[in-house]
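Q: I'm new to this structure, so please take a close look at the empty space in it for me. Start with any term I'll need, and then tell me what sits around it.

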Amino acid sequence: MLIHPMWADYPEVASELTATLQLIQQEIKPQNTKVADALVDMINAGGKLLRPAYCLLFSQFAKNRDADKMIALAAAVEALHNATLVHDDIIDKSSVRRGLPTISAQFGEDVAVYAGDYLFVVCFKLIAKYASDLKSVQQDAGSMERLLNGELEQMATRYNYDMTIDQYLNQVSGKTGQLFALSSFIGTYESGQPLRFAKKVEKIGLNIGVAFQLLDDILDYTADSQTLGKPVHEDMKQGVYSAPLILAMSQNRAAFLPYLQKQKAMTADDLQAVMQLVTQYRGVQRARAMAQDYTDQALKGLNTLPDVPAKQTLIRLTTQLLNRRS
(Lines give C-alpha, C1' and ligand atoms only; values in the text may rest on other atoms or scores of the structure.)
Protein backbone atom coordinates (compact mmCIF):
# COMPACT_ATOMS: atom_id res chain seq x y z
CA MET A 1 0.00 0.00 0.00
CA LEU A 2 1.51 3.29 -1.15
CA ILE A 3 1.24 6.63 0.61
CA HIS A 4 1.81 10.08 -0.89
CA PRO A 5 5.44 10.57 -2.01
CA MET A 6 5.80 13.65 0.22
CA TRP A 7 6.19 11.34 3.22
CA ALA A 8 9.49 9.98 1.90
CA ASP A 9 10.98 13.08 3.55
CA TYR A 10 9.34 12.20 6.87
CA PRO A 11 10.38 8.62 7.73
CA GLU A 12 9.50 9.24 11.39
CA VAL A 13 5.82 9.08 10.47
CA ALA A 14 5.72 7.34 7.06
CA SER A 15 5.53 3.74 8.32
CA GLU A 16 2.72 4.59 10.75
CA LEU A 17 0.76 6.32 7.97
CA THR A 18 1.06 3.16 5.89
CA ALA A 19 -0.26 1.18 8.86
CA THR A 20 -3.09 3.72 9.21
CA LEU A 21 -4.25 3.09 5.64
CA GLN A 22 -3.96 -0.65 6.10
CA LEU A 23 -6.13 -0.51 9.21
CA ILE A 24 -8.84 1.54 7.49
CA GLN A 25 -8.91 -0.97 4.64
CA GLN A 26 -9.22 -3.84 7.14
CA GLU A 27 -12.18 -2.07 8.78
CA ILE A 28 -14.05 -1.71 5.48
CA LYS A 29 -16.34 -4.75 5.58
CA PRO A 30 -19.76 -3.80 4.22
CA GLN A 31 -21.80 -6.61 2.72
CA ASN A 32 -22.43 -4.53 -0.39
CA THR A 33 -19.46 -5.10 -2.71
CA LYS A 34 -20.05 -1.84 -4.60
CA VAL A 35 -19.71 0.16 -1.41
CA ALA A 36 -16.61 -1.81 -0.39
CA ASP A 37 -14.98 -1.37 -3.80
CA ALA A 38 -15.77 2.35 -3.86
CA LEU A 39 -14.26 2.91 -0.41
CA VAL A 40 -11.11 0.91 -1.10
CA ASP A 41 -10.57 2.84 -4.33
CA MET A 42 -10.91 6.14 -2.47
CA ILE A 43 -8.62 5.16 0.40
CA ASN A 44 -5.92 4.16 -2.08
CA ALA A 45 -6.31 7.24 -4.30
CA GLY A 46 -3.27 9.05 -2.96
CA GLY A 47 -4.57 11.55 -0.42
CA LYS A 48 -1.93 13.44 1.56
CA LEU A 49 -2.99 11.99 4.95
CA LEU A 50 -2.21 15.26 6.70
CA ARG A 51 -4.82 14.90 9.42
CA PRO A 52 -3.67 11.46 10.61
CA ALA A 53 -0.07 12.65 10.30
CA TYR A 54 -0.72 15.51 12.73
CA CYS A 55 -2.48 13.08 15.06
CA LEU A 56 0.53 10.76 15.03
CA LEU A 57 3.15 13.49 15.31
CA PHE A 58 1.48 15.22 18.24
CA SER A 59 1.23 11.86 20.01
CA GLN A 60 5.02 11.65 19.90
CA PHE A 61 5.30 14.29 22.64
CA ALA A 62 4.38 11.51 25.09
CA LYS A 63 7.19 9.39 26.51
CA ASN A 64 5.35 6.07 26.53
CA ARG A 65 2.88 6.28 23.65
CA ASP A 66 0.97 3.22 22.51
CA ALA A 67 1.76 3.16 18.79
CA ASP A 68 -1.04 0.73 17.88
CA LYS A 69 -3.59 2.86 19.68
CA MET A 70 -2.42 6.06 18.00
CA ILE A 71 -2.48 4.42 14.55
CA ALA A 72 -6.07 3.35 15.22
CA LEU A 73 -7.10 6.86 16.27
CA ALA A 74 -5.30 8.35 13.26
CA ALA A 75 -7.31 5.92 11.13
CA ALA A 76 -10.51 7.14 12.79
CA VAL A 77 -9.63 10.74 11.91
CA GLU A 78 -8.86 9.85 8.29
CA ALA A 79 -12.09 7.84 7.99
CA LEU A 80 -14.02 10.87 9.25
CA HIS A 81 -12.22 13.14 6.78
CA ASN A 82 -13.01 10.85 3.84
CA ALA A 83 -16.64 10.56 4.91
CA THR A 84 -17.00 14.34 4.69
CA LEU A 85 -15.34 14.34 1.25
CA VAL A 86 -17.74 11.71 -0.09
CA HIS A 87 -20.75 13.71 1.07
CA ASP A 88 -19.24 17.00 -0.17
CA ASP A 89 -18.81 15.51 -3.63
CA ILE A 90 -22.48 14.48 -3.70
CA ILE A 91 -23.68 17.93 -2.70
CA ASP A 92 -21.30 19.73 -5.07
CA LYS A 93 -21.95 17.32 -7.97
CA SER A 94 -18.17 16.87 -8.23
CA SER A 95 -16.94 14.40 -10.83
CA VAL A 96 -13.22 14.24 -9.95
CA ARG A 97 -11.33 13.90 -6.67
CA ARG A 98 -7.56 13.30 -6.40
CA GLY A 99 -7.40 12.88 -10.16
CA LEU A 100 -9.93 10.02 -10.15
CA PRO A 101 -13.72 9.84 -10.59
CA THR A 102 -15.58 10.55 -7.35
CA ILE A 103 -17.59 7.76 -5.77
CA SER A 104 -20.84 9.51 -6.70
CA ALA A 105 -19.73 9.92 -10.33
CA GLN A 106 -18.48 6.34 -10.63
CA PHE A 107 -21.07 4.40 -8.62
CA GLY A 108 -24.00 6.80 -8.32
CA GLU A 109 -25.24 9.01 -5.51
CA ASP A 110 -27.03 6.20 -3.65
CA VAL A 111 -23.84 4.18 -3.29
CA ALA A 112 -21.91 7.32 -2.37
CA VAL A 113 -24.31 8.20 0.47
CA TYR A 114 -23.96 4.74 1.97
CA ALA A 115 -20.19 4.76 1.45
CA GLY A 116 -19.87 8.04 3.35
CA ASP A 117 -22.14 6.77 6.11
CA TYR A 118 -20.07 3.61 6.40
CA LEU A 119 -16.91 5.64 6.93
CA PHE A 120 -18.63 7.42 9.84
CA VAL A 121 -19.24 3.95 11.29
CA VAL A 122 -15.56 3.05 10.87
CA CYS A 123 -14.59 6.28 12.63
CA PHE A 124 -16.82 5.76 15.64
CA LYS A 125 -15.97 2.06 15.99
CA LEU A 126 -12.28 2.93 16.25
CA ILE A 127 -12.89 5.84 18.63
CA ALA A 128 -15.11 3.68 20.84
CA LYS A 129 -12.56 0.87 20.93
CA TYR A 130 -9.41 2.90 21.60
CA ALA A 131 -10.42 6.14 23.36
CA SER A 132 -9.29 6.18 26.97
CA ASP A 133 -12.37 8.01 28.25
CA LEU A 134 -15.42 9.97 27.09
CA LYS A 135 -13.41 13.16 26.50
CA SER A 136 -12.26 12.06 23.03
CA VAL A 137 -15.76 10.85 22.15
CA GLN A 138 -17.17 14.21 23.23
CA GLN A 139 -14.45 16.01 21.28
CA ASP A 140 -15.24 13.98 18.17
CA ALA A 141 -18.97 14.61 18.47
CA GLY A 142 -18.38 18.33 19.05
CA SER A 143 -16.11 18.52 16.03
CA MET A 144 -18.70 16.80 13.86
CA GLU A 145 -21.31 19.31 15.01
CA ARG A 146 -19.00 22.20 14.11
CA LEU A 147 -18.24 20.54 10.77
CA LEU A 148 -21.93 20.30 10.00
CA ASN A 149 -22.51 23.91 11.07
CA GLY A 150 -19.72 24.95 8.72
CA GLU A 151 -21.41 23.07 5.89
CA LEU A 152 -24.79 24.60 6.72
CA GLU A 153 -23.21 28.06 6.81
CA GLN A 154 -21.71 27.41 3.38
CA MET A 155 -25.08 26.29 2.03
CA ALA A 156 -26.76 29.40 3.47
CA THR A 157 -24.27 31.73 1.79
CA ARG A 158 -24.34 30.23 -1.73
CA TYR A 159 -24.55 33.00 -4.32
CA ASN A 160 -24.28 35.59 -1.57
CA TYR A 161 -22.60 38.45 -3.41
CA ASP A 162 -22.24 40.38 -0.14
CA MET A 163 -20.39 37.59 1.63
CA THR A 164 -17.71 38.86 4.02
CA ILE A 165 -14.31 37.44 4.81
CA ASP A 166 -15.46 36.87 8.41
CA GLN A 167 -18.25 34.62 7.15
CA TYR A 168 -15.74 32.72 5.05
CA LEU A 169 -13.37 32.26 8.00
CA ASN A 170 -16.26 31.04 10.13
CA GLN A 171 -17.01 28.40 7.50
CA VAL A 172 -13.48 27.13 7.07
CA SER A 173 -12.87 27.12 10.83
CA GLY A 174 -15.90 24.86 11.14
CA LYS A 175 -14.83 22.57 8.29
CA THR A 176 -11.15 22.12 7.52
CA GLY A 177 -10.05 23.84 10.70
CA GLN A 178 -12.02 21.50 12.93
CA LEU A 179 -10.58 18.33 11.39
CA PHE A 180 -7.02 19.52 11.93
CA ALA A 181 -7.92 20.67 15.44
CA LEU A 182 -9.52 17.30 16.25
CA SER A 183 -6.53 15.38 14.87
CA SER A 184 -4.12 17.43 16.95
CA PHE A 185 -6.20 17.17 20.12
CA ILE A 186 -6.75 13.41 19.94
CA GLY A 187 -3.10 12.73 19.17
CA THR A 188 -2.05 14.74 22.20
CA TYR A 189 -4.72 13.82 24.73
CA GLU A 190 -4.96 10.10 23.92
CA SER A 191 -1.20 9.69 24.16
CA GLY A 192 -1.48 10.63 27.83
CA GLN A 193 -0.79 14.35 27.83
CA PRO A 194 -2.76 16.67 30.18
CA LEU A 195 -6.03 18.15 28.94
CA ARG A 196 -4.68 21.69 29.23
CA PHE A 197 -1.77 20.84 26.93
CA ALA A 198 -4.12 19.09 24.49
CA LYS A 199 -6.37 22.17 24.30
CA LYS A 200 -3.33 24.32 23.50
CA VAL A 201 -2.37 21.94 20.71
CA GLU A 202 -5.97 21.95 19.46
CA LYS A 203 -5.68 25.71 18.86
CA ILE A 204 -2.48 25.17 16.90
CA GLY A 205 -4.24 22.55 14.81
CA LEU A 206 -7.11 24.94 14.11
CA ASN A 207 -4.70 27.59 12.81
CA ILE A 208 -2.97 25.00 10.62
CA GLY A 209 -6.32 23.90 9.20
CA VAL A 210 -7.48 27.42 8.36
CA ALA A 211 -4.14 28.20 6.69
CA PHE A 212 -4.36 24.95 4.74
CA GLN A 213 -7.85 25.76 3.45
CA LEU A 214 -6.83 29.29 2.49
CA LEU A 215 -3.99 27.85 0.43
CA ASP A 216 -6.30 25.25 -1.10
CA ASP A 217 -8.62 28.04 -2.21
CA ILE A 218 -5.70 30.06 -3.56
CA LEU A 219 -4.70 27.09 -5.72
CA ASP A 220 -8.08 27.27 -7.45
CA TYR A 221 -6.82 30.57 -8.87
CA THR A 222 -3.18 29.68 -9.49
CA ALA A 223 -3.07 25.99 -10.53
CA ASP A 224 -4.62 23.94 -13.31
CA SER A 225 -6.99 20.98 -12.98
CA GLN A 226 -4.29 18.41 -13.73
CA THR A 227 -2.04 19.74 -10.99
CA LEU A 228 -4.83 19.85 -8.42
CA GLY A 229 -6.46 16.57 -9.38
CA LYS A 230 -9.90 18.21 -9.45
CA PRO A 231 -11.71 20.79 -11.60
CA VAL A 232 -10.86 24.39 -10.78
CA HIS A 233 -13.36 27.26 -10.55
CA GLU A 234 -16.29 24.86 -10.08
CA ASP A 235 -17.02 26.29 -6.63
CA MET A 236 -17.54 29.72 -8.18
CA LYS A 237 -20.23 28.39 -10.53
CA GLN A 238 -21.85 26.61 -7.58
CA GLY A 239 -22.02 29.86 -5.63
CA VAL A 240 -19.35 28.89 -3.11
CA TYR A 241 -17.06 31.89 -2.80
CA SER A 242 -13.61 31.64 -1.26
CA ALA A 243 -11.06 34.11 0.10
CA PRO A 244 -9.37 35.33 -3.13
CA LEU A 245 -12.73 36.19 -4.71
CA ILE A 246 -14.26 37.66 -1.54
CA LEU A 247 -11.23 39.84 -0.84
CA ALA A 248 -11.10 41.06 -4.44
CA MET A 249 -14.86 41.76 -4.50
CA SER A 250 -14.52 43.88 -1.38
CA GLN A 251 -12.57 46.37 -3.52
CA ASN A 252 -15.15 46.70 -6.33
CA ARG A 253 -18.19 44.46 -5.97
CA ALA A 254 -20.03 45.95 -8.94
CA ALA A 255 -17.32 44.82 -11.37
CA PHE A 256 -17.93 41.16 -10.52
CA LEU A 257 -21.72 41.07 -10.43
CA PRO A 258 -22.45 40.86 -14.20
CA TYR A 259 -20.52 37.58 -14.29
CA LEU A 260 -21.40 36.01 -10.93
CA GLN A 261 -25.12 36.68 -11.33
CA LYS A 262 -25.18 34.19 -14.21
CA GLN A 263 -24.54 31.53 -11.54
CA LYS A 264 -24.39 28.01 -13.07
CA ALA A 265 -24.74 29.51 -16.57
CA MET A 266 -21.29 31.13 -16.31
CA THR A 267 -19.23 30.40 -19.41
CA ALA A 268 -15.50 29.81 -19.73
CA ASP A 269 -15.17 33.44 -20.83
CA ASP A 270 -17.09 34.60 -17.75
CA LEU A 271 -14.80 32.58 -15.49
CA GLN A 272 -11.76 34.03 -17.20
CA ALA A 273 -13.10 37.56 -16.75
CA VAL A 274 -13.60 36.95 -13.03
CA MET A 275 -10.08 35.54 -12.80
CA GLN A 276 -8.72 38.71 -14.36
CA LEU A 277 -10.67 40.85 -11.90
CA VAL A 278 -9.37 38.79 -8.97
CA THR A 279 -5.86 39.44 -10.27
CA GLN A 280 -6.57 43.14 -10.81
CA TYR A 281 -7.83 43.59 -7.26
CA ARG A 282 -5.07 41.45 -5.71
CA GLY A 283 -7.38 38.83 -4.28
CA VAL A 284 -4.76 36.07 -4.34
CA GLN A 285 -2.09 38.24 -2.72
CA ARG A 286 -4.49 39.31 0.02
CA ALA A 287 -5.53 35.70 0.65
CA ARG A 288 -1.92 34.55 0.71
CA ALA A 289 -1.08 37.19 3.31
CA MET A 290 -3.97 35.92 5.41
CA ALA A 291 -2.74 32.34 5.05
CA GLN A 292 0.72 33.49 6.10
CA ASP A 293 -0.75 35.09 9.22
CA TYR A 294 -2.49 31.86 10.26
CA THR A 295 0.64 29.86 9.49
CA ASP A 296 2.74 32.25 11.56
CA GLN A 297 0.33 31.82 14.47
CA ALA A 298 0.57 28.04 14.15
CA LEU A 299 4.37 28.11 13.98
CA LYS A 300 4.52 30.46 16.97
CA GLY A 301 2.44 27.96 18.92
CA LEU A 302 4.59 25.03 17.81
CA ASN A 303 7.74 26.83 18.91
CA THR A 304 6.42 27.01 22.47
CA LEU A 305 6.04 23.22 22.73
CA PRO A 306 8.55 20.95 24.52
CA ASP A 307 11.75 20.18 22.62
CA VAL A 308 11.22 16.66 21.34
CA PRO A 309 12.10 15.43 17.81
CA ALA A 310 8.45 15.60 16.71
CA LYS A 311 8.45 19.35 17.32
CA GLN A 312 10.96 20.02 14.56
CA THR A 313 9.11 17.65 12.24
CA LEU A 314 5.87 19.53 12.86
CA ILE A 315 7.54 22.88 12.22
CA ARG A 316 9.08 21.61 8.97
CA LEU A 317 5.83 20.03 7.78
CA THR A 318 3.71 23.08 8.61
CA THR A 319 6.18 25.41 6.89
CA GLN A 320 6.13 23.16 3.81
CA LEU A 321 2.35 23.42 3.57
CA LEU A 322 2.56 27.17 3.04
CA ASN A 323 4.63 26.68 -0.12
CA ARG A 324 2.71 23.78 -1.65
CA ARG A 325 1.57 23.96 -5.25
CA SER A 326 -0.85 21.02 -5.27
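A: One term first: a residue counts as buried when its relative accessible area is under 20%, as exposed when that area is over 50%, and as partly exposed in between. Keep in mind, too, that this is a predicted model. To try the term out, take Y159, in the loop between α7 and α8. Y159 has a relative accessibility of 18%, so Y159 counts as buried. The backbone of Y159 has something to show as well: its phi is near 55°, a positive value in a residue other than glycine.

Now for the empty space. Rolling a probe the size of a water molecule over the atoms shows where empty space is left. Searching the whole structure this way turns up four cavities of 30 Å³ or more. The largest cavity holds about 70 Å³ of space. Its lining is made of D217, D220, Y221, H233, D235, M236, V240, Y241, S242 and L245. Two elements give two or more residues each to that lining, namely α10 (195-222) and α12 (234-237). The biggest share comes from α10, with three residues. Sort the lining of this cavity by class and you get five nonpolar, two polar and three charged residues.

Let's stop at one of those lining residues, D217. D217 sits in helix α10. Is D217 buried or exposed? With a relative accessible area of 7%, D217 is buried, as the cut-off for that word is under 20%. Which residues does D217 touch, setting aside its neighbours within four places in sequence? Those contacts are Y168, S242 and P244. With Y168 there's a polar contact, side chain to side chain, at 2.5 Å. S242, for its part, is also in the lining of the largest cavity.

From here you can step across to helix α16, as α10 is among the elements that the buried residues of α16 pack against. The others on that list are α3, α8 (165-174), α13 (243-249), α15 (268-280) and α17 (309-322). Helix α16 itself covers residues 283-303. Its 21 residues should span 30 Å at 1.5 Å a residue, and its end C-alpha atoms are 30 Å apart, so the two agree. The buried residues of α16 are G283, V284, A287, M290, A291, Y294, T295, A298, L299, G301 and L302.

One partner of α16, helix α3, is home to L50. L50 has a relative accessibility of 0%, so L50 counts as buried. Beyond its neighbours within four places in sequence, L50 is in contact with M6, W7, F180, F212, L317 and L321. L50 also gives you a nice pairing across the chain: L50 and S183 are 133 residues apart in sequence, while their C-alpha atoms are separated by 9.2 Å.

Helix α3 (50-59) turns up again with α1, where it is among the elements that cover the buried residues. The cover also includes α2 (33-43), α4 and α6 (109-130). Helix α1 runs over residues 11-27 and reaches 25 Å from its first C-alpha to its last, close to the 24 Å expected for its 17 residues. Buried in α1 are V13, A14, E16, L17, T18, T20, L21, L23, I24 and E27.

Follow α4 onward and you reach an open space, the second largest pocket, which holds about 350 Å³ of space. Of the 15 residues lining this pocket, D88, I91, L147, L148 and E151 are the closest to its centre. Two elements give two or more residues to the lining, α4 (67-92) and α7 (134-156). The most comes from α7, with seven residues. By class, the lining of this pocket has eight nonpolar, three polar and four charged residues.

Last, a look at α15, another partner of α16. A268 lies in this helix. At 61% relative accessibility, A268 passes the 50% mark and so counts as exposed. The C-alpha atoms of A268 and F61 are 50 Å apart, with 207 residues separating them along the chain. In the loop between α14 (253-260) and α15 you'll find Q263, which has a positive phi near 55° although Q263 isn't a glycine. At 30% relative accessibility, Q263 counts as partly exposed.

Methods. Residues numbered from 1 in each chain as written. Predicted model: local features only at pLDDT ≥ 70, side-chain atom pairs only at ≥ 80, totals over all residues. Heavy atoms only, no water. 1 Å grid on protein atoms, 1.4 Å probe; cavity = no way out; pocket = protein on both sides within 12 Å on 5 of 7 lines; lining within 4 Å. Points joined across faces, edges and corners; volume = space filled by probe spheres on them. Helix = DSSP H or I, 4+ residues; strand = E, 2+ residues; numbered from the N terminus. Nonpolar A, V, L, I, M, F, W, Y, C, P; charged D, E, K, R; others polar. Expected span 1.5 Å × (residues − 1). Buried < 20%, exposed > 50% of the residue type's maximum accessible area, 1.4 Å probe, protein only. Contact = heavy atoms within 4.5 Å. Polar contact = N/O pair within 3.5 Å; in protein donor to acceptor, adjacent residues only side chain to side chain.
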